[in-house]
Amino acid sequence: MTSPFDTIVAPITGAARAAVAIVRLSGPEAWDIGRKLFTSLPEDAGPLRLYYGRFAHGDDGYLALFEASRSYTGEAAAECSIHGSPASVQGLIELAIEAGARFAEPGEFTQRAFLNGRIDLTQAEAVRDTIEAQTMAQLRAANRQREGALFREVSSVREELISVLAAVEATVDFSEEIGDLDRSSTADRIVSIQTRLSSLNESARAGRILRGGLRVALLGRPNAGKSSLLNALLGSERAIVTATPGTTRDFVEESIELEGFPIVLIDTAGLRESTEESEVAGIERARSIARTCDLVLYLYDLSGGYAESDRLEVFALDRPVWIVGTKLDLAPSVVTGLRVSSRDGTGLSELRRAIRQFAGEEPSVAINARHQAPITAALDEVGLAVDTLLHDRPVDLASVSLRGAISALGEVTGETADPDMISRIFHDFCIGK
């Protein structure tokens, strides 16, 4: 069985061959094992220095020692910088294991940083978001959370709730000395907290879009220009375009970046009556995909017009839908509304700008799906507390609700999170993080 008191080892750089790789040791024996691995380490070696020399497996490079108070994990650590060949990395790790280390579990370095109080749970999750960031907006959001923006907001709300709870319980325990609780003003304080929690909860949409992208489905009849528009927005020939209706039988999913925001475009099969089995399956999948997307661009050929069948398809969609006229270069100029020509690029910049605006502003704090459940629970509890105070119910019932809200918010930062949930979070991390 693994133990949090083991000394662990793993590469903290990528697995692919590279010019340089770094292997980290962390735990009570990190310095001793580091000395066995790095044959050039002076007797008086200490932290805050970088030592160059030869390692026991023959490669040369650098060794850095870290005290617990200055390391990533919050415990003694040693980091070995060597040439990035898989053979060199594997050879050094094998020697470390022979010397008493254990290979680290996924996310174990960051988990130890959390357990040792170096970071809270939201910052730990932001480490993963930083690694996975593919756009600048994603990176900025991850950086803000890693620097404690979400932790500070949740902790501030939680401290305010603790203050209200203290005031409520004081009037319950010492009513003769300090008098009865001012229910109205206390309810006002909780409503203010409720507003802050609602704002946090509403950031879930922005957080989902930042992390996973705004999902936009391209829907319409065969030859409405869906694949051509996908290619035009991507700036590459990703989807096959022919004059034959019904070329796209399945969906094609690709991502673009608009002002740092990830946008996922999904080209779907053309919508029409058909008896051909594979086409029918593609059409049903197109409708199903559209019902799960954030935005649907319903395309129609301007030269052919917007038909009754188009109107019925749009009417059946319970999603935000924009009707977009295509093939503008072949159509009368009197047509108004969203219009594009994938051939000459007319209207594409306007469409991109509109999609980016639909994605919303970049939030200062954006929660993820895990945060949303406890924040929603906290909202429910503070709502019950307000209801208790305004309807002359026993004050101690408000205390129960406030305690429930405080506990729920502790799950966000990790202060009241159960071990199983914490393990699940770190299990999704990569080796070496």
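Mentor: Before we sort any lining by class, here's the key: Ala, Val, Leu, Ile, Met, Phe, Trp, Tyr, Cys and Pro are nonpolar, Asp, Glu, Lys and Arg are charged, and the others, Gly among them, are polar. The model is a predicted one, in which local features need pLDDT of at least 70 and side-chain atom pairs count only at pLDDT 80 or more, while totals for chains, interfaces and linings use all residues. Residues are numbered from 1 along each chain as its sequence is written, and side-chain values use heavy atoms, leaving out hydrogens and water.

Trainee: Let's start with the backbone. Which value of phi does L48 have?

Mentor: As a rule, most residues other than glycine have a negative phi. L48 goes the other way, with a positive phi near 65°. You'll find L48 in the loop between α1 (30-37) and β3 (50-54); helices (H or I, at least four residues) and strands (E, at least two) are DSSP runs, numbered from the N terminus.

Trainee: Is L48 buried or exposed?

Mentor: On this scale, buried is under 20% relative accessible area, exposed is over 50%, and partly exposed is in between (1.4 Å probe, protein chains only). L48 counts as exposed because its relative accessible area is 65%. D392 is another residue with a positive phi, near 55°. D392 sits in the loop between α13 (369-390) and α14 (395-413), and with a relative accessible area of 63% D392 is exposed.

Trainee: On to sheets. What order do the strands β3, β4, β5, β2, β1 and β6 take, in some arrangement?

Mentor: Two strands pair if DSSP finds at least two bridges between them. Here six strands make an open sheet with mixed pairing, in the order β3-β4-β5-β2-β1-β6. The edges are β3 and β6 (102-103), each pairing on one side only. Look inside the sheet and β1 (residues 8-11) runs antiparallel to β2 (residues 18-26), joined by four bridges. P11, for instance, has V23 of β2 as its bridge partner.

Trainee: Which strands does helix α2 touch?

Mentor: Contact means heavy atoms within 4.5 Å. Helix α2 (residues 86-98) packs on this sheet and touches β1, β2, β5 (77-84) and β6, with its direction at about 150° to that of β5. Helix α3 (residues 108-115) packs there too, touching β1, β2 and β6, and its direction makes about 130° with that of β1. For those angles, axes are lines fitted to C-alpha atoms (for helices over the stretch in contact), and the angles run from 0 to 180 degrees between N-to-C directions.

Trainee: And the sheet with β7 in it: which strands are at its edges?

Mentor: That open sheet has six strands in the order β8-β9-β7-β10-β11-β12, with mixed pairing. Its edge strands are β8 and β12 (338-339), each of which pairs on one side only. Strand β7 (residues 214-220) and β9 run parallel, joined by five bridges, and R215 stands opposite V264 in β9. Helix α8 packs on the sheet against β7 and β9, its direction at about 75° to that of β9.

Trainee: Now the empty space. How much lies in the second largest pocket?

Mentor: Rolling a probe the size of a water molecule over the atoms shows where empty space is left. On a 1 Å grid over the protein atoms alone, a cavity is a set of points where a 1.4 Å probe fits but cannot get out, a pocket is an open set with protein on both sides within 12 Å along at least five of seven lines, and lining residues have an atom within 4 Å of a point. Grid points are joined across faces, edges and corners, and the volume is the space filled by probe spheres set on the points. For the second largest pocket that gives about 310 Å³. Of its 19 lining residues, E132, Q134, Q138, L210 and R211 are the closest to the centre. Helix α8 gives the most to this lining, four residues, and by class the lining splits into eight nonpolar, seven polar and four charged.

Trainee: What lines the largest cavity?

Mentor: One cavity of 30 Å³ or more is counted. The largest cavity holds about 70 Å³, and its lining includes A141, R144, L210, R211 and P363. Helix α5 gives the most, with three residues. By class, the cavity lining has seven nonpolar, two polar and two charged residues.
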